[in-house]
Amino acid sequence: MKPIEFEEPAKNHSQSTRIDTAANGTGKNSQFCSSKHEVIASSAHGLGAVNVRSSSGAGDIGKGSTWDDSDDANTKFDSKSFARKSWLRSSMSEKGNVNLGTIQEPCSQHQRLNGRSDWACLSGADEAASADKHEKNERLSREGAVMVENASTVLSKPLHRGTLEATRLQDANVMQPSSSALRNVEFHHHRTLLLTAGLDKTIRLFDIVGGKNHHVKSVFLEDLPIYKAGFCGDGSKILASGRRRFIYSYDISHGSVERVLPTMNGKIRSLEHFVATPPGTSNPMLAFLGEDGNVPLISLKSMSCIASVKMNGSARSATFSSDGLQLMTAGEDGVVYFWDLRNQKRCIEKLVDQGAVAITSLASSACNRYLAVGSGRGAVNLYENTDVQKLSKRAERAGDREYFGNPNSGGLGDPGMCRSFGKRPTGTIFNLTTEVNEMNFNADGQILAVSSHLKRDSLRLVHAPSCTVFADWPSSKAPLQYVWSTAFSSCGDYLAVGNARGRAPLYRIHSYGA
């Protein structure tokens with residue numbers, strides 16, 4: 001890093017120390033205290049090393065240091081001036097002496113909150129990657145095309161219960177907010193692209209990179225107030241539906257919009273609710289929640305009905321297993337139905353939810369490890385796959401790390417079926433008091449987002465392995481409003497929330513990502 005030159009301060013005058021850090025493109029934050037004239041600057045890679053320039057002396061203070069000042073060990077200043085910075089005061093001795101650890105503490109604090117500033121890398125490979133990324137964004141803005149790459153395996157360490165460190169970033173749709181409630185927010189399974197949609201008949205795409213959220217594309221559907229929208233298949237198409245008998249298909253690669261009237265075996269007045277198979281499945285399909293318990297299955301390849309299943313009562317919610325070979329449906333009778341999509345679409349198991357009168361929401365985690373069942377009274381029961389639990393404990397005893405987000409890692413569960421959910425829940429969450437409308441697991445299945453749009457700020461994050469709620473989030477100052485939808489990024493490092501004001505608050509979860 002090019003050294004920064006300063007004039008030598010006059011004698012017998014107050015001298016100062018300036019600490020500059022690079023912060024994800026937000027500029028320089030400076031903090032002054034009374035000591036010798038020094039400049040402490042972060043490295044180009046974001047805060048990995050500290051370079052200290054002083055008025056005299058040379059040598060190494062720490063890793064990456066250029067020269068040393070022998071007076072640093074005896075430098076003193078008043079710790080009362082840092083009354084609100086307990087993390088800095090805790091690193092100082094009782095006498096107020098400053099050491100290398102104190103100098104590096106602001107850098108460590110900044111790195112812990114904001115991560116590494118990869119944008120500052122100046123190597124040739126990074127410049128080429130930056131140019132390639134800029135070219136992709138330009139093409140996406142011009143043609144509506146998205147350049148997708150192979151998703152990397154999600155390797156996650158066990159997450160601790162109790163507290164969750166998260167920082168609020170700029171709203172995801174700050175460049176173009178919605179004029180109606182955001183009924184849908186969803187990340188592309190290759191992480192950077194976020195979709196928002198609502199009753200204002202507009203689908204909006206945003207590029208989420210390091211908290212800088214650029215508006216990429218808007219698609220207006222003049223005759224369809226959107227109730228449900230999402231990425232489907234391999235992520236190259238977006239489907240949108242509402243209280244109509246047709247749906248819209250938006251091809252991202254060509255920027256074209258097509259109105260589709262799916263071929264149904266029976267009569268369905270509305271296609272407002274559907275669920276799609278996870279990305280990467282061999283036979284992508286949609287499951288629409290019809291009347292009288294009918295759930296037609298539509299192939300994404302032919303856009304025609306290939307089968308239909310029927311349950312008792314009305315269908316209120318549905319979800320696919322992580323491999324797309326099993327469908328789970330539930331409704332007013334409080335029973336979860338498991339359908340084998342490989343064997344003539346027959347029901348292979350029924351799970352009577354404990355204590356539930358009506359089931360309003362379902363969610364399945366990666367590797368089919370957890371099944372969350374939300375009720376009309378606000379209670380959420382969490383069921384664990386007993387086969388996966390046994391294999392997980394066996395791997396833990398053997399000392400293996402768990403690849404929570406990879407269904408092909410170590411045999412954590414049968415890749416075809418998951419018929420081993422216990423009849424009793426492993427835990428129950430009672431933190432919501434109104435009907436559960438939305439539930440989502442993150443990529444590795446350790447965090448479950450539970451929300452209800454019937455009451456203000458009704459959003460909780462659950463630590464799935466312990467079935468406990470993170471106590472410190474959301475705080476009383478979080479601007480959640482009435483939550484309609486939630487979404488985790490593919491790496492789990494971002495959480496987007498869609499509320500009734502048309503805003504999409506965005507949060508960075510520091511337990512995930514670089």
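## Sheets, core and buried sites of a predicted chain

An open sheet of 4 strands, paired in the antiparallel sense, follows the order β10-β11-β12-β13. Its edge strands are β10 and β13, each of which pairs on one side only, and the twist from one strand to the next averages 20°. Within this sheet, β12 and β13 are joined by 5 bridges in the antiparallel sense, and D251 has S256 in β13 as its bridge partner. This description, like everything that follows, rests on a predicted model.

### The chain as a whole

The chain contains 4 helices and 32 strands. Of its 514 residues, 49% are buried, and the chain exposes about 24,800 Å², with carbon and sulfur atoms supplying 48% of that area. Among contacts between residues at least 6 apart in sequence, 50% join residues that are at least 24 apart.

### A second open sheet

Another open sheet of 4 strands has the order β6-β7-β8-β9, and its pairing is antiparallel. The edges of this sheet are formed by β6, which covers residues 182–187, and β9, which covers residues 212–220, and each of these strands pairs on one side only. The twist here averages 20° from one strand to the next. Between β6 and β7, the latter made of residues 193–198, there are 5 bridges, and the two strands run antiparallel. At one point along this pairing, L182 stands opposite G198 in β7.

### The largest nonpolar core

Which residues have the most contacts inside the largest nonpolar core? That core has 18 residues, and the ones with the most contacts inside it are L195, I203, L205, L221 and I238. At least two core residues come from each of the strands β7, β8 (202–209), β9, β10 (228–232), β11 (237–241) and β12 (247–251), and β7 gives the most, with 3 residues. The two open sheets described above therefore need not be read apart from one another, since β7, β8 and β9 on the one hand and β10, β11 and β12 on the other each supply at least two residues of this core.

L195 gives a view of these surroundings from a single residue. When neighbours within four places in sequence are left aside, L195 is in contact with N184, V185, E186, I203, R204, L205, A229, G230, F231 and I238. Three of the residues named here, I203, L205 and I238, are also among those with the most contacts inside the core.

### Strand β28 and its partners

Strand β28, made of residues 459–463, is largely enclosed by the rest of the structure, because 4 of its 5 residues are buried. Its pairings with β27 and β29 are set out below.

| Pairing | Residues of the partner strand | Bridges and direction |
|---|---|---|
| β27 with β28 | β27: 447–451 | 5 bridges, antiparallel |
| β28 with β29 | β29: 468–469 | 2 bridges, antiparallel |

On the β27 side, S451 stands opposite L459 in β28, while on the β29 side V462 has V469 as its bridge partner. The hairpin of β28 and β29 has 4 residues between the strands, and in this hairpin C467 takes a positive phi near 60°.

### Two buried residues, in a strand and in a loop

T360 lies in strand β22, which covers residues 359–364. Is T360 buried or exposed? With a relative accessibility of 8%, T360 counts as buried. A polar atom of the T360 side chain lies 2.6 Å from the backbone oxygen of V436, and the backbone oxygen of S375 lies 3.4 Å from a polar atom of that side chain. Not counting residues up to four places away in sequence, T360 touches R316, S317, G374, S375, G376, E435 and V436.

I268, by contrast, lies in a loop, the one between β13 (256–260) and β14 (274–276). I268 is also buried, because its relative accessible area is 15% and buried means under 20%. Leaving aside neighbours within four places in sequence, I268 is in contact with R245, G290 and P296. Of these contacts, P296 is 28 residues away from I268 along the chain, and the C-alpha atoms of the two residues are separated by 9.4 Å.

Terms used
Residues numbered from 1 in each chain as written. Predicted model: local features only at pLDDT ≥ 70, side-chain atom pairs only at ≥ 80, totals over all residues. Heavy atoms only, no water. Pairing = 2+ DSSP bridges. Axes fitted to C-alpha atoms, helices over the stretch in contact; angles between N-to-C directions. Buried < 20%, exposed > 50% of the residue type's maximum accessible area, 1.4 Å probe, protein only. Contact = heavy atoms within 4.5 Å. Areas by Shrake-Rupley, 256 points an atom, 1.4 Å probe, with all protein chains shown as cover. Polar contact = N/O pair within 3.5 Å; in protein donor to acceptor, adjacent residues only side chain to side chain. Core = buried A, V, L, I, M, F, W, Y, C linked by side-chain atoms within 4.5 Å.
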